[in-house]
Amino acid sequence: MKELTKSDLILNNDGTIYHLGLHTDQIYPTIITVGDPSRVKEVSKYFDSIDYTSDNREFRAVGGRIGNNQIMVLSTGIGTDNIDIVLNEISLLINFNLTTRTPLTEQKSVRLIRLGTSGSINPSIPMDTIVYSKNAISLDNLFTYYDHKFDWVKFNDMKLPVIPCSASLEKLFQSYKSSLTLTACGFYGPQFRSSQLSQKYRLSDFETIRFNGDTPGNIEMETAGIYGLSKLLGFEAISINAILADRKTGNFSKKPQLMIKKMIEESLEILC
């Protein structure tokens, strides 16, 4: 690759990367991503020790250790537009010389574990359970802008990319039920919520989708972006989802914080 321009790889005055506000040595081999910045503390409170904390824009990060395991937790904000920023900047930090803006000879990888919330769209995925996304279908159009050879499913003359989780991380989290996940580009219309505006599609329209015999089980806003960019950048990734809503019945969990706590504790135990 040629040298990146100053507008391709933007650094802050302190040498940190533009959006994340992090230095290269603050990127750890295992990264837990959460959407909500306040959830960073809910994960890092289980660390045995804290190496650093960082707060820039909506991107909050804590690096620390559990036993001999070096882990960072990083908030992404909501949506694959933010995921595009986060994963690209992680890769730039660990795989580029920031002074010369050229790629390093030896490219590094990281493990990304998304701990997020989601809604069930299939009776086989009950509310108040935890699942992992075996495959994610991209409804968000992020991969319109990248060359790729992902699998795809067809819906209404659209070819929607389908991206799998990391096989090695799937083995770690196989105690959870798997789901085929839809990743949307918004919370209301793109997730078929009735609000003030008429909608082009209904949730039931997507029940016709099949991939490897599976029908969509849950819907959220980050997983396909994480999976697709991880495949393209050489990262390992898996998305763990606390199912807090049943979109079929319209019900919402009466114990959302307990389910999130359970997901965090179990996932850290699995990783460490």
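**Exercise 1. A residue in a loop**

Does Glu207 count as buried, partly exposed or exposed, and at what relative accessibility? Work it out on this predicted model, then place Glu207 in the chain and list what it touches.

*Solution.*
- Step 1: Start with the location. Glu207 sits in the loop that joins S11 to S12.
- Step 2: Take the accessibility. The value for Glu207 is 34%, and the partly exposed class lies between the 20% and 50% cut-offs. Glu207 therefore counts as partly exposed.
- Step 3: Look for neighbours. Leaving out residues up to four places away in sequence, Glu207 touches Thr215 and Lys248.
- Step 4: Finish with a distance across the model. From the C-alpha of Glu207 to that of Val110 is 34 Å, with the two residues 97 apart along the chain.

**Exercise 2. Two helices side by side**

Describe how helices H2 and H4 pack, using the angle and the distance between their axes.

*Solution.*
- Step 1: Recall the two quantities you need. Packed helices are described by the angle between their axes and by the distance between those axes.
- Step 2: Read them off. H2 covers residues 80-95 and H4 covers residues 223-233; their axes come within 9 Å and cross at roughly 25°.
- Step 3: Classify the angle. Angles under 35 degrees count as roughly parallel, and H2 and H4 are therefore roughly parallel to each other.
- Step 4: Add the handedness. The crossing of H2 and H4 is right-handed.
- Step 5: Name the residues that meet. H2 contributes Thr80, Ile83, Asp84, Leu87, Asn88 and Ser91, while H4 contributes Gly225, Ile226, Leu229, Ser230 and Leu233. Sorted by class, the contact of H2 with H4 has five nonpolar, five polar and one charged residues.

**Exercise 3. How covered is H4?**

Find how many of the 11 residues of H4 are buried, and say what follows the helix.

*Solution.*
- Step 1: Count. Eight of the 11 residues in H4 are buried, and the helix is mostly covered.
- Step 2: Name them. The buried residues in H4 are Thr223, Ala224, Gly225, Ile226, Tyr227, Gly228, Leu229 and Ser230.
- Step 3: Move past the end of the helix. Gly234 follows H4 and has a positive phi, near 85°.

**Exercise 4. Two buried residues**

Compare the settings of Thr183 and Ile27, then list their contacts.

*Solution.*
- Step 1: Place them. Thr183 belongs to strand S11, residues 177-183, whereas Ile27 is in the segment before strand S1 (30-34).
- Step 2: Check burial. Thr183 has 0% relative accessibility and counts as buried; Ile27, at 10%, also counts as buried.
- Step 3: List the contacts of Thr183, not counting residues up to four places away in sequence. Among them are Thr80, Ala136, Asp140, Glu220, Glu222 and Thr223. The C-alpha atoms of Thr183 and Glu222 are 6.1 Å apart, although 39 residues separate the two in sequence.
- Step 4: Do likewise for Ile27. With the same exclusion of residues up to four places away, Ile27 touches Leu22, Met72, Ile90, Leu93, Ile94 and Val110. Ile27 and Leu229 are 202 residues apart in sequence and 17 Å apart in space, C-alpha to C-alpha.

**Exercise 5. Positive phi outside glycine**

Locate Asn141 and Phe192, and give their phi values.

*Solution.*
- Step 1: Asn141 is in the loop between strand S8 (130-138) and strand S9 (151-155). Its phi is positive, about 75°, although Asn141 is not a glycine.
- Step 2: Phe192 is in the loop between S11 and strand S12 (216-220). Phi of Phe192 is positive too, near 65°.
- Step 3: Check whether Phe192 faces solvent. At 10% relative accessibility, Phe192 counts as buried.

**Exercise 6. Is there a partner for Cys272?**

Decide how many disulfides the whole structure holds, and why Cys272 has no bond to Cys165.

*Solution.*
- Step 1: Search everything. The whole structure gives zero disulfides.
- Step 2: Test Cys272. The closest cysteine sulfur is in Cys165, 19 Å from that of Cys272. A disulfide needs sulfur atoms within 2.5 Å, so the pair is too far for a bond.
- Step 3: Add the surroundings. Cys272 counts as partly exposed, at 38% relative accessibility.

Definitions and conventions: Residues numbered from 1 in each chain as written. Predicted model: local features only at pLDDT ≥ 70, side-chain atom pairs only at ≥ 80, totals over all residues. Heavy atoms only, no water. Axes fitted to C-alpha atoms, helices over the stretch in contact; angles between N-to-C directions. Helix = DSSP H or I, 4+ residues; strand = E, 2+ residues; numbered from the N terminus. Parallel < 35°, antiparallel > 145°, perpendicular 65-115°, else oblique. Left-handed = near helix turned anticlockwise from the far one by under 90°. Contact = heavy atoms within 4.5 Å. Nonpolar A, V, L, I, M, F, W, Y, C, P; charged D, E, K, R; others polar. Buried < 20%, exposed > 50% of the residue type's maximum accessible area, 1.4 Å probe, protein only.
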